[in-house]
Amino acid sequence: MNFLAHCALAQEACRRWQGTPELQGGLLAGAIFADFAKGPVSSSIPVALQAGIRLHRRIDAYSNTHETIREICASFPTELRRFAPIFVDILSDYYLSRSWGDYYEESRVVLSARVYAACNEHISSLDKPQSVSIARFTQYMQETDLLANYHQWRHVERGLHSVLGRLGKSELFDEVVASAKAQGNSGESAFRIYFGDMQNQLPQWISIIATK
């Protein structure tokens, strides 16, 4: 899952767990911060933020073993399969944004504003190296309103380009974009399966908020 999907699931988890506004803020910030906060979850940060990071990691662990996601990854050309899970993550936000109204009544714009506010509130809880990277990314998210606009294909291409750059595989960009576009309706249909499964898992993950 990528950022929009993680945030949507975090907010839905708070609702299903009957959480407080404080928990909601921590879950939403953790949905973003977890990609930057590596290693053990620090006990010095707010408990709600700890829960958000753990939920993000639980979702990632579940998606890594999901059969439908494995099948999608196997549909990419052989030379791209090693990195296919990352591409599928990015495409997940595109599919979710396009079909948002099928899942949620609240608009993407409202959710995105809530996420940015949660990130700004919790960023001071992190140590300096992490907070600098996150601040740079959250500024970009707010300037582009990324979470509200992932249905625009240009954001998918930018995400793919960024990932390939970090991997030192920028020369694969055209092939990756073509393969991502080739997923088409089958990719979106698969998304509905695995995203629905993740939604169904949320009530079982409530113990996350009690984890020390």
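**Contacts, core and pocket in a predicted helical model**

With neighbours within four places in sequence left aside, H155 is in contact (heavy atoms within 4.5 Å) with Y140, T144, L146, N149 and Y150. This residue belongs to helix 8, where helices are DSSP runs of H or I with at least four residues, strands are E runs of at least two, and both are numbered from the N terminus. H155 is buried, at a relative accessible area of 4%; here buried means under 20%, exposed over 50% and partly exposed in between, for a 1.4 Å probe and protein chains only. The model is predicted, so to speak of local features a pLDDT of at least 70 is needed, side-chain atom pairs count only at pLDDT 80 or more, and totals for chains, interfaces and linings use all residues. Residues are numbered from 1 along each chain as its sequence is written, and side-chain values use heavy atoms, with hydrogens and water left out.

Helix 8 also brings us to the nonpolar core. A nonpolar core is a set of buried Ala, Val, Leu, Ile, Met, Phe, Trp, Tyr and Cys residues joined through side-chain atoms within 4.5 Å. The largest one holds 76 residues, and the members that touch the most others are I32, F33, L55, L160 and Y194. For L160, the contacts beyond four places in sequence are F87, I90, F173, V176, V177 and A180.

The pocket analysis comes next, and its terms deserve a careful reading. On a 1 Å grid over the protein atoms alone, a pocket is an open set of points with protein on both sides within 12 Å along at least five of seven lines, whereas a cavity is a set where a 1.4 Å probe fits but cannot get out; lining residues have an atom within 4 Å of a point. Grid points are joined across faces, edges and corners, and the volume is the space filled by probe spheres set on the points. By this procedure the largest pocket has a volume of about 780 Å³. Its lining comprises 31 residues, with N2, F3, D35, V163 and R166 lying nearest the centre. Several helices share in this lining: helix 3 (47–64), helix 4 (67–74), helix 5 (84–98), helix 7 (128–144) and helix 8 (153–167) each supply at least two residues. By class, the lining of the pocket divides into 14 nonpolar, 9 polar and 8 charged residues. In this count Ala, Val, Leu, Ile, Met, Phe, Trp, Tyr, Cys and Pro are nonpolar, Asp, Glu, Lys and Arg are charged, and the others, Gly among them, are polar.

The cysteines make a brief story. A search of the whole structure finds 0 disulfides, a disulfide being a pair of cysteine sulfur atoms within 2.5 Å. For C7, the closest cysteine sulfur is that of C119, and the separation of 6.8 Å is too far for a bond. C7 is buried, with a relative accessible area of 0%, and C73 likewise counts as buried, at 10%.

Two loop residues stand out by their backbone angles. Q18, in the loop between helix 1 (3–16) and helix 2 (21–33), has a phi near 55°, a positive value in a residue other than glycine. Q18 is exposed, with a relative accessible area of 73%. D145, in the loop between helix 7 and helix 8, has a phi near 45°, which is again positive in a residue other than glycine.

Back within helix 1, Q11 counts as buried at 17% relative accessibility. Not counting neighbours within four places in sequence, Q11 is in contact with Q24, L28, E106, L111 and R114.

Finally, some separations along the chain may be set beside those in space. D197 in helix 9 is partly exposed, at 26% relative accessible area. The C-alpha atoms of D197 and S63 are separated by 9.6 Å, while the two residues are 134 apart along the chain. D197 touches Y62 and H66, residues up to four places away in sequence not being counted. N64, found in helix 3, is exposed at 53%; between the C-alpha atoms of N64 and Y95, 31 residues apart along the chain, the distance is 18 Å. A210 lies in the segment after helix 9 (173–201) and is exposed, with a relative accessible area of 55%. The C-alpha atoms of A210 and L80, 130 residues apart along the chain, are separated by 39 Å.
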